[in-house]
Amino acid sequence: MRKLAQYLIIAVMKLLGSLPVGFHLACGRFIGRMTGKVLRYRRDTVTANLARSFPGLKYDGLNELADAFYLSLGQIVGEAVWYGASSTERVRRQHLVETANPELL
């Protein structure tokens, strides 16, 4: 049963990975908005930590920072799915990751 689940997850990741980067970034923005606005996942903790980090910031500014955090978190999830399912050649072809000094590797 565990192997079946593993193969199913790999197949879904391969299918998702074949989609373009823009799709993943759009899904990431959607996930970020849903996480921050609808599910309100750890919203109080995020706001409290931001208030401690930026004591001079007003409540509206803290909410803007929290929204930006959740959007960033969603984009990271979308990029992780795309990178995880993409081949090295595809990443090179997109010019998203380039090595400045390959001889050092």
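Q: Exposed means over 50% relative accessible area, and buried means under 20%. In this predicted model, does P55 count as buried or exposed?
A: P55 sits in the loop between α3 and α4. Its relative accessibility is 70%. The cut-off for the upper class is over 50%, so P55 counts as exposed.

Q: How many Å apart in space are P55 and G17, C-alpha to C-alpha?
A: P55 belongs to the loop between α3 and α4. In sequence, 38 residues separate P55 from G17. In space, their C-alpha atoms are apart by 41 Å.

Q: Which helix gives the most residues to the largest nonpolar core?
A: That core has five residues: V46, L50, L62, A66 and Y70. Helices α3 (43-53) and α4 (59-85) each supply at least two of them. The top contribution is three residues, and it comes from α4.

Q: Which residues does L62 touch, leaving out those up to four places away in sequence?
A: L62 is one of the residues of the largest nonpolar core. L50, also in this core, is among the contacts of L62. The full list for L62 is L50, A51, F54 and L57.

Q: Which helix gives the largest share of the nonpolar surface patch?
A: The patch covers about 850 Å² and is made by F30, I31, M34, V38, L39, Y41, F69, L73 and V77. Two elements give two or more residues to it, α2 (21-38) and α4. The largest share is four residues, and it comes from α2.

Q: What is the relative accessible area of M34?
A: M34 is placed in helix α2. It is one of the residues that make the nonpolar surface patch. Patch residues need over 30% relative accessible area. M34 is partly exposed, with a value of 31%.

Q: Which three residues are linked in a network of salt bridges?
A: The salt-bridge count for the model comes to two. One bridge joins K37 to D67. The other pairs R43 with D67. The network therefore links K37, R43 and D67.

Q: How many residues apart are K37 and D67 in the chain?
A: K37 and D67 form a salt bridge, with their closest N and O atoms 3.2 Å apart. K37 lies in helix α2 and D67 in helix α4, so the pair links distant parts of the chain. Their separation in the chain is 30 residues.

Q: Does K37 count as exposed or partly exposed?
A: Its bridge partner D67 has 23% relative accessibility and counts as partly exposed. For K37 the value is 52%. The cut-off is over 50%, so K37 counts as exposed.

Q: Is R43 buried or exposed?
A: R43 is placed in helix α3. Its side chain meets that of D67 in a salt bridge, 2.9 Å from N to O. This pair also links distant parts of the chain, with D67 in helix α4, 24 residues apart. At 6% relative accessibility, under the 20% limit, R43 counts as buried.

Q: Which residues does R43 touch, not counting those up to four places away in sequence?
A: D67, the salt-bridge partner of R43, is among the contacts. A66 and Y70, which belong to the largest nonpolar core, are touched as well. The full list for R43 is G36, N63, A66, D67 and Y70.

Q: What is the angle between the planes of the F69 and Y70 rings?
A: A search of the whole structure finds one aromatic pair. F69 and Y70 form it, 5.1 Å centre to centre. Planes over 60 degrees apart count as edge-to-face, so this pair takes that label, its angle being 65°.

Q: Which ring residue of the aromatic pair is buried, F69 or Y70?
A: F69 has a relative accessible area of 39% and is partly exposed. F69 also helps make the nonpolar surface patch, whereas its partner belongs to the largest nonpolar core. At a relative accessible area of 2%, the buried residue is Y70.

Q: Where does R40 lie?
A: R40 has phi near 55°, a positive value in a residue other than glycine. R40 is partly exposed, with a relative accessible area of 47%. Its place is in the loop between α2 and α3.

Q: What is phi of R42 near?
A: R42 also lies in the loop between α2 and α3. It is partly exposed, with a relative accessible area of 49%. Its phi is positive, in a residue other than glycine, and near 55°.

Key
Residues numbered from 1 in each chain as written. Predicted model: local features only at pLDDT ≥ 70, side-chain atom pairs only at ≥ 80, totals over all residues. Heavy atoms only, no water. Core = buried A, V, L, I, M, F, W, Y, C linked by side-chain atoms within 4.5 Å. Buried < 20%, exposed > 50% of the residue type's maximum accessible area, 1.4 Å probe, protein only. Contact = heavy atoms within 4.5 Å. Patch = residues over 30% accessible without salt bridge, like charges linked within 9 Å, V, L, I, M, F, W, Y side chains within 5 Å. Areas by Shrake-Rupley, 256 points an atom, 1.4 Å probe, with all protein chains shown as cover. Salt bridge = Lys/Arg side-chain N within 4 Å of Asp/Glu carboxyl O. Phe/Tyr/Trp six-rings, centres within 6.5 Å; stacked < 30°, edge-to-face > 60°.
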